[in-house]
Amino acid sequence: MLRRELLAIAALSVLPSVASAQDSVKIGLILPMTGQQASTGKQIDAAVKLYLAQKGTTVAGKKIEVILKDDTSVPDVTKRLAQELVVNDKVAVLAGFGITPSAMATAPIATQAKVPEVVMAAGTSSITEASPFVVRTSFTLAQSSVPMAEWAARNGIKKVITLVSDYGPGIDAEKSFSDKFKADGGTIVENLRIPMRSPDFAPVLQKAADAKPDALFVFVPSGTGAQFVKQFIERGLDKSGVKLIATGDVTDDDQLNGMGDAVVGVINAHNYSAAHDSAANKAYVEAFKKANGGLRPNFMSVGGWDGMELIYGALKKTNGDTNGEKLVAAMKGMAWESPRGPISIDPDTRDIVQNIYIRKVEKKDGELYNVEFATIPNVKDPVKAAKK
Ligand code: DHB
């Protein structure tokens, strides 16, 4: 064969793969699959896989391809992976982000590359302001801390010590709880903070035991709650008359059953419970457990599930166009029913609007659950709402 003919055949044989590459939409999913935050990675990865299995991998004529990367929850690694996914893999969307520093480290890349950054887990209010390409499907800490403060003030709690992880979401939880509790007539005795990495709760718990407030308000990130509760019990605080109140990150569905009966009765506020009473959630919990050896889905998982719903919905609206500005425009104002209840994306802030539930830990059929008993509907991030 002539060289020219060979070249023509070679060109033909590469054509189909070029065409299919153009017809596929890549999503770079960056999660902590190992390290302290590994439960967050596992939950979100499982939710994304379940979403793909249930909804299929074709949207608006495009094939969806998810590329999973483990950032070990080290923000420098997150940033490098985001850069590689944009430059080498040409992803249309960056998604995941187990902790605030990882989401923040990626924001300049999202801005430069004009690629949407779908935040599925992190909860510091300011993340959505770090780039016009950030859209959040998780939660903010103020969303749950303000209703928790309101409930406490209305239910006979007068003196509170706050105890939070010393980084973005913890500082938001501390400030939003304290401001609301004081405005409602309560007293904050002390604001205590503990390191986010490898926390030792003993010294701060001793302080709380000595000061004897009516309640201790706590935020620790997902994956750390069981360790906190263990030390709370070891120091005898569960029997000291100091009530434990918290954001639902502490009584995390992923770990709740291992915390033991000492947490029965703990009041907390959050966006999702595996016990949420809706047909959509029952189907979600059943399918999630079936696909993951009985693992119970937690609030991180729904951030992943809804992140996929957001990306699929936006692609449908743009008819498969992956232009980042068009995708973000399509995401603004989207609304749907999540396993957690009705949610939407605030078109002004690109942040999630969702119900917050006040829950009580109860034992049902031998298992511990966060049972919702009050609903605050359609909560916008209070930190951003206060700036307006
Ligand atoms: C963040 C991480 C968590 O695991 C959590 O429960 C809440 C917030 C964060 O880093 O933003």
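These exercises, with worked solutions, read one predicted protein model.

Residues are numbered from 1 along each chain as its sequence is written, and side-chain values use heavy atoms, with hydrogens and water left out. Local features need pLDDT of at least 70, side-chain atom pairs count only at pLDDT 80 or more, and totals for chains, interfaces and linings use all residues.

**Exercise 1. Judge the confidence of the model.**

Step 1. Take pLDDT, the predictor's confidence in each residue, from 0 to 100. Its mean over the protein chain is 95. A value of 70 or more is reached by 94% of the residues.

Step 2. Look for a weak stretch. Over residues 8–19, pLDDT stays under 50. The model has one contact beyond four places in sequence for residues 8–19. Contact means heavy atoms within 4.5 Å.

**Exercise 2. Describe the overall fold.**

Step 1. Count the elements. The protein chain has twelve helices and 15 strands. These are DSSP runs numbered from the N terminus: helices are H or I with at least four residues, strands are E with at least two.

Step 2. Test compactness. The radius of gyration is 22 Å, close to the 21 Å from the globule rule for 388 residues, so the chain is as compact as a globular protein of that length. The radius is taken over C-alpha atoms, and the rule is 2.2 Å times the number of residues to the power 0.38.

Step 3. Box the chain. Along the principal axes, the C-alpha atoms fill roughly 90 × 45 × 35 Å.

Step 4. Check burial and sequence range. Of the 388 residues, 55% are buried. Buried means under 20% relative accessible area, exposed over 50%, and partly exposed in between (1.4 Å probe, protein chains only). Among contacts with a separation of 6 or more, 67% join residues 24 or more positions apart.

**Exercise 3. Compare two residues with positive phi.**

Step 1. Start with phenylalanine 97. Its phi is near 75 degrees, a positive value in a residue other than glycine. Phenylalanine 97 sits in the loop between strand E4 (93–96) and helix H4 (100–113).

Step 2. Turn to asparagine 319. Phi is near 60 degrees here, again positive in a residue other than glycine. The loop holding asparagine 319 runs between helix H10 (299–317) and helix H11 (324–331).

Step 3. Set their accessibility side by side. Phenylalanine 97 has 0% relative accessibility and counts as buried. Asparagine 319 has 63% and is exposed.

**Exercise 4. Place threonine 106 and list its contacts.**

Step 1. Threonine 106 lies in helix H4. Its relative accessible area is 0%, so it is buried.

Step 2. Leave aside neighbours within four places in sequence. Threonine 106 then contacts Thr78, Ala82, Leu94, Phe97 and Glu117. Phe97, one of these partners, is the buried loop residue of Exercise 3.

**Exercise 5. Set sequence distance against distance in space.**

Step 1. Locate serine 198. It is in the loop between strand E8 (187–194) and helix H7 (202–211). Serine 198 is exposed at 64% relative accessible area.

Step 2. Pair serine 198 with glutamine 36. They are 162 residues apart in sequence, yet 8.2 Å apart from C-alpha to C-alpha.

Step 3. Locate lysine 380. It is in the loop between strand E15 (367–379) and helix H12 (382–387). Lysine 380 is partly exposed at 44%.

Step 4. Pair lysine 380 with threonine 318. They are 62 residues apart along the chain, and 26 Å separates their C-alpha atoms.

Step 5. Add the contacts of lysine 380. Beyond neighbours within four places in sequence, they are Gln143, Asp346 and Val353.
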